[in-house]
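Here is a friendly walk through a two-chain model, written for a reader who likes to check each point by eye. Please keep the viewer open as you go.

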Amino acid sequence: MTTLDSKKLPAKLDNLETFIDMVSACAVNVGFTPDKVSSINVAAEEVLVNVFNYAYGGLDGDVEVNCLVDNSEMFIVEIVDSGISFNILSAEEPDITLGLEDRYIGGLGILMIKNLMDDVKYHRNNDKNILQLICLKKS
Amino acid sequence: MEIKEKKDSNTLIFSVSGRLDATSVGQFEKHIMEFINKGEKKLMFDLSGVEYVSSAGLRGILTTSKALKAQGGELRLIVCAGPVMEVFKITGLSSIFKIFNTLEAALA
């Protein structure tokens, strides 16, 4: 596993752009198409915004983003926080068949993450949430 | 994110570029709501120049769409094939909104 780039910053919305710019630059360097880069950016944003909003319950805390490549086959965006234990993959998915009036306007992020990435892995280690967004380079 | 608006007969077209994300969605909603509150009824969001739309961006589109509908207005979207269209499909919102490929088709 090779680290392409890494950043650890306070878990605040103000830092979203810095993180996404890093993820985007790494995905471009790895050779993904502009469309795929956009999908990776969206998935990374969904995870990060969730960490910003909920991980530390209003208290200060950091989030770390690592862009990794594994055997040149997989590109991995790893998002690490030390907040409350939370597996975004176990979150309830919204009913996407409802009409505009009834539409619950939350919970769409999890759908995006699962559908845009080739694989998503979560584990809790040393009191940290570690979420990996995985894209196969062939896809 | 940048928004430019222009009027085509009675339709107000907003051309959005950059990222419609958690950072920019507040500015997006505020800008669009100014026009809805002025009584504009026929709005169009041209998203063909958008880099990506996240769930926060989608919520902004839903919120403004509901406000517009509440006062009897109509929203049309211009979305090209690609990652932006994909998020509309994934979330089922492609069946809720009137989505067109081109400005010409949306205005027809």
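The report below takes up the interface, then two backbone angles, then one aspartate.

This is a predicted model, in which local features need pLDDT of at least 70 and side-chain atom pairs count only at pLDDT 80 or more, while totals for chains, interfaces and linings use all residues. Residues are numbered from 1 along each chain as its sequence is written, chains are lettered from A and ligands numbered from 1 in the order in which they are written, and side-chain values use heavy atoms, with hydrogens and water left out.

**The interface**

Let us begin where the chains meet. Chain A gives 28 residues to the contact and chain B gives 26 residues; contact here means heavy atoms within 4.5 Å. The two chains bury about 2,300 Å² between them, with 63% of it on carbon and sulfur atoms. Buried area is the accessible area (1.4 Å probe) that two parts lose on being put together, summed over both.

Which residues form the salt bridge between the chains? D21(A) pairs with R19(B), and their closest N and O atoms are 2.9 Å apart. The rule finds 1 salt bridge across this interface, taking a side-chain nitrogen of Lys or Arg within 4 Å of a carboxyl oxygen of Asp or Glu.

On the side of chain A that touches chain B, the elements giving two or more residues are α1 (16-30), α2 (34-55) and α3 (108-116) of chain A. The largest share, 8 residues, comes from α2(A). Helices (H or I, at least four residues) and strands (E, at least two) are DSSP runs, numbered from the N terminus.

**Two positive phi angles**

Most residues other than glycine have a negative phi. Two residues that are not glycines have a positive one, as listed here.

| Residue | Phi | Loop | Relative accessible area |
|---|---|---|---|
| D127(A) | about 60° | between β4 (119-125) and β5 (128-136) of chain A | 58% |
| S9(B) | about 45° | between β1 (2-8) and β2 (11-20) of chain B | 63% |

D127(A) is exposed, and S9(B) is exposed too. The term exposed stands for over 50% relative accessible area, buried for under 20%, and partly exposed for values in between (1.4 Å probe, protein chains only).

**A buried aspartate**

Is D70(A) buried or exposed? D70(A), which sits in strand β2 (residues 62-70) of chain A, is buried, with a relative accessible area of 18%. Leaving out residues up to four places away in sequence, D70(A) touches M1(A) and I76(A). The C-alpha atoms of D70(A) and T3(A) are 9.0 Å apart, although 67 residues separate them along the chain.
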